[in-house]
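Here is a short tour of a metal site and its surroundings. Have the sequence and the 3D view open as you read.

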Amino acid sequence: MVTGCPMLSSSLHRPLGELLCDATEQILWPLASGRSRGKLHCRVGHGQATYHRYDPRQGLHQITYGVRMVEAKQQAESAAAWLSTREITRRRYFGGTVSPLNLLAHTCCHEFAHLLQQQDGKRYHGSVHNGHFYQILDNLHAQGQGNRVQGFLAEQAQRRGLPLSDQPLRLPDPTSARAQWRVGDKVFFGEGQSHRVGHILRVNRKTCTVACPALRGELRYRVPLSLLRREEAALTA
Ligand SMILES: [Zn+2]
C-alpha cells in the first residue's frame with residue numbers, strides 16, 4: 001500500500017506517467033500531426049489533474065498526466081470513481097475489463113480524443129464529453145489504437161521493472177461508494193446540456209451536496225452518489 005507516502009508514490013508512479021507521455025507521443029500523436037502543424041508536449045503533473053489544453057498562439061497542445069491519477073488507477077477503491085472506469089465498463093473498451101493497465105492505456109486515448117476534438121473545433125465549454133468526443137474515442141478503440149497503447153505500456157513497464165497489473169480490478173459496489181468522496185473534491189455530473197462541474201460541500205448518506213459556479217454566485221445540487229464522477233479534465237481550458 002503506497003497511498004499516503006508522497007516520496008514512494010511518485011518514485012513508482014512518475015515513471016509510469018512518463019510512459020503514458022511516450023505512448024501518446026509515439027503512437028497517438030502521428031495520427032494527428034498530419035492534420036495540422038501544431039506541436040505536442042506531454043508532461044507528468046504533481047496532483048490528480050489530467051487534461052489536454054491548447055495554446056492557439058503557439059499552436060501547442062499540452063497533455064498533463066497527474067501522478068496521483070496514475071496512483072489512483074492502481075487500486076479498485078480509488079479507481080472506481082474515475083470517468084475512465086465508467087467508459088471502459090459502459091462502452092466495452094478492452095472487452096469491458098477494468099485493470100490498471102487498461103485504465104492507463106485508455107487515459108491516453110481519452111486525452112488524445114480531446115486533442116482531436118479540439119482540432120475538429122468541437123470542444124465546447126460545459127460540454128467537453130459530447131457526442132463528437134465519444135465518436136472520436138470509439139473510433140480510436142475500434143481502430144486498435146487502445147490495444148497498441150496497451151501493448152506499448154505493458155512492454156515498456158516490464159522492460160523497466162515497473163509494476164503495472166493487467167489483472168481485472170474488483171470494483172466496489174456502487175452503493176457503498178460514499179467513502180470515496182471528501183468535502184472539496186472536484187466533481188462533475190450530468191451529460192450534454194445538463195453537465196455541471198463543481199466541488200463537494202457535504203457528503204450525505206446517499207447523495208453529495210455539490211456547489212457549482214453560476215452566473216451569480218453558485219448553485220447547489222444534491223447529487224446521488226452513483227451519478228458523481230471525478231473530472232479527468234479538471235482544467236478544461
Ligand atoms: Zn475528458
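## A buried glutamine and its neighbours

Let's start with Gln 117, which counts as buried because its relative accessibility is 0%, under the 20% cut-off for that label. Bear in mind that this is a predicted model. Gln 117 sits in helix H5, and its side chain takes part in two polar contacts that are worth finding in the viewer: one goes to the side chain of His 114, at 2.9 Å, and another goes to the side chain of Asn 130, at 3.2 Å.

Leaving aside neighbours within four places in sequence, Gln 117 is in contact with Lys 122, Arg 123, Val 128, Asn 130, His 132, Phe 133 and Ile 136.

Following the contact to His 114 brings us to the metal. The zinc ion has His 110, His 114 and His 129 as its protein donors, each through NE2 and lying 2.1 Å from the ion. Along the chain, these donors follow the spacing H-x3-H-x14-H. His 114 and His 129 link distant parts of the chain, 15 residues apart: His 114 belongs to helix H5 (residues 100-119), while His 129 lies in the loop between H5 and helix H6 (131-142).

How do the residues discussed here compare with the burial cut-off? The table gives the relative accessible area of three of them, including Gln 117.

| Residue | Relative accessible area | Class |
|---|---|---|
| Gln 117 | 0% | buried |
| His 114 | 0% | buried |
| His 129 | 7% | buried |

So His 129, at 7%, is buried, and His 114, at 0%, is buried too.

Notes: Residues numbered from 1 in each chain as written. Predicted model: local features only at pLDDT ≥ 70, side-chain atom pairs only at ≥ 80, totals over all residues. Heavy atoms only, no water. Donors = N, O, S within 2.8 Å, 3.2 Å for Na, K, Ca; no water. Helix = DSSP H or I, 4+ residues; strand = E, 2+ residues; numbered from the N terminus. Buried < 20%, exposed > 50% of the residue type's maximum accessible area, 1.4 Å probe, protein only. Polar contact = N/O pair within 3.5 Å; in protein donor to acceptor, adjacent residues only side chain to side chain. Contact = heavy atoms within 4.5 Å.
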